[in-house]
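Visitor: I would like a close look at the open and enclosed spaces in this protein, and at the charged pairs around them. Could you take me through that part slowly?

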Amino acid sequence: MAPTFTPRVFSGIKPSGGLTLGNYLGALKRFVETQDKGTEAVYCIVDLHAITVWQNPADLRHATRELAAGFIASGIDPEKSVLFNQSQVSAHAELGWIFNCVARMGWMGRMTQFKEKSGKNSEKVSLGLFAYPSLMAADILIYHATHVPVGDDQKQHLELTRDIAAKFNNDFGVDFFPLVEPVIEGPATRVMNLRDGTSKMSKSDTSDMTRINMTDDADAIATKIRKAKTDSEPLPETSEGLEDRPEARNLVNIYAALDDRPVADVLREFAGQGFGAFKPKLAELAVAKLAPISTEMSRLMQEPDEIDRILGRGAERAEAIARPILEQTYDIVGLVRSR
Ligand code: AMP
Ligand code: TRP
């Protein structure tokens, strides 16, 4: 009979560039809700994923600490949840190698994120960028995690994680790795670019006006929302009325997610009003919710040693879960352990 796995949540964010509103609503805010429900949760700053594209070392160090500050300022309690950076727990990279030998080239070649990121340049990108989804599978499975809260863009990588677990279990005739459940819920699983409602809000977009950064001040947030692309129609009564209006839908989704309300409820309040009225309300709400987080991030960043201490302690706790699972994996594969 297949074993039942104790529920455990895992998720990760790359320390490349700063945090965006997309990261906050699609990931961080939901991590905090999960933590507060009391499920055991492991949250990882995936620095080994960040270096699949070039990172300036000083910037990488800064982004890692700033992301840690972002987790804590958003409400992750490093005593309750396990919070650490990936490179401090070598089991991730070790299991990643095993999975490189389980995953098939064809599977990796079908990853849309790889195709998008490599574009016409696929001969020149790093081998790590191609192999990245198998390291992501290792991040999750080294903890036997069962649930993974992410934004919509990670769905395909989580399907691949299930394929890798299933192939490993099948190849070795074991029921060792769980088949993870993606948790992609809420009104903001895909926050869109403020200037183009058909593409995702991203920390790597060259234009800063396309996104809200968690470190933006009140003026910057208000300006970006005021200048966000919209249409000239008033807001509709129901969400069906937003179907062909990607920019309008995005701003309404952001409002709903920030205010913890269903979209229908937001539309009930604003139906019939135009963006001239809606945008200032959205800006006010965004500033009210985000300013305390960015202020707390700046405060935490004054004490980088304290952040490093928290990450180090988190890594020790993570290692205590991961190491025995790695040892069992090596044993299943037939690698001799004698020291
Ligand atoms: P990354 O910054 O690419 O490491 O993403 C970290 C997490 O944030 C993942 O769970 C992503 O799915 C989520 N995320 C990133 N951008 C967005 C977005 N625009 N909307 C919703 N979730 C996002
Ligand atoms: N690939 C994810 C992203 O780009 C980050 C990530 C790495 C991750 N490992 C993970 C997310 C494990 C969830 C679980 O956003």
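**Pockets, cavities and charged pairs**

Guide: Happy to! The structure holds 2 cavities of 30 Å³ or more. Please keep in mind throughout that this is a predicted model.

Let us start with the cavities. The largest cavity encloses about 60 Å³ of space. Its lining is made up of Lys14, Pro15, Ser16, Gly17, Gly18, Leu19, Ala63, Glu66, Leu67, Lys203 and Met297. Helix H3 (residues 57-74) makes the biggest contribution to that lining, with 3 residues. Sorted by class, the lining has 5 nonpolar, 3 polar and 3 charged residues.

The second largest cavity holds about 40 Å³. Around this cavity you will find Gln113, Phe114, Lys117, Leu129, Tyr132, Pro133 and His157. H6 and H7 each give at least two residues to the lining, which divides into 4 nonpolar, 2 polar and 1 charged.

Now for the open spaces. The largest pocket has a volume of about 1,200 Å³. It is lined by 48 residues, and those closest to its centre are Lys14, Gln113, Asp153, Gln154 and Lys200. Two of these names should sound familiar: Lys14 also lines the largest cavity, and Gln113 also lines the second largest cavity. Several elements each provide at least two residues of the pocket lining: strand E1 (9-13), helix H1 (21-37), helix H2 (47-50), helix H6 (112-118), helix H7 (127-141), strand E4 (147-149) and strand E7 (196-200). By class, the lining of the largest pocket has 18 nonpolar, 20 polar and 10 charged residues.

The second largest pocket has a volume of about 400 Å³. Of its 21 lining residues, Arg30, Glu33, Thr34, Lys37 and Glu185 lie nearest the centre. Two or more residues of this lining come from each of H1, E4 and helix H10 (246-258). H1 gives the largest share, 6 residues. The class count for the second largest pocket is 9 nonpolar, 5 polar and 7 charged.

That brings us to the charged pairs. Side chains of opposite charge can pair when their charged atoms come close. The structure holds 23 salt bridges. One of them brings us back to the centre of the largest pocket, where Asp153 and Lys200 are among the closest residues. Asp153 forms a salt bridge with Lys200, with 2.7 Å between the closest N and O atoms. This pair links distant parts of the chain, 47 residues apart: Asp153 sits in the loop between E4 and helix H8 (155-172), and Lys200 in strand E7. Asp153 counts as partly exposed because its relative accessibility is 27%, and Lys200 is partly exposed too, at 30%.

Another pair to look at is Asp231 with Arg245, a salt bridge whose closest N and O atoms are 2.8 Å apart. Both residues lie in the loop between helix H9 (218-226) and H10, so the bridge ties together parts 14 residues apart in sequence. Here the partners contrast: Asp231 is partly exposed at 27% relative accessibility, whereas Arg245, at 12%, is buried.

A third salt bridge joins Glu319 and Arg323, whose closest N and O atoms are 3.3 Å apart. Both belong to helix H13 (residues 304-333) and stand 4 residues apart, about one turn of the helix. Glu319 is partly exposed at 27%, as is Arg323 at 23%.

To finish, look for Asp259, Arg261, Asp265, Arg268 and Glu269, which are linked in a network of salt bridges.

Terms used. Residues numbered from 1 in each chain as written. Chains lettered and ligands numbered in written order. Predicted model: local features only at pLDDT ≥ 70, side-chain atom pairs only at ≥ 80, totals over all residues. Heavy atoms only, no water. 1 Å grid on protein atoms, 1.4 Å probe; cavity = no way out; pocket = protein on both sides within 12 Å on 5 of 7 lines; lining within 4 Å. Points joined across faces, edges and corners; volume = space filled by probe spheres on them. Nonpolar A, V, L, I, M, F, W, Y, C, P; charged D, E, K, R; others polar. Salt bridge = Lys/Arg side-chain N within 4 Å of Asp/Glu carboxyl O. Buried < 20%, exposed > 50% of the residue type's maximum accessible area, 1.4 Å probe, protein only.
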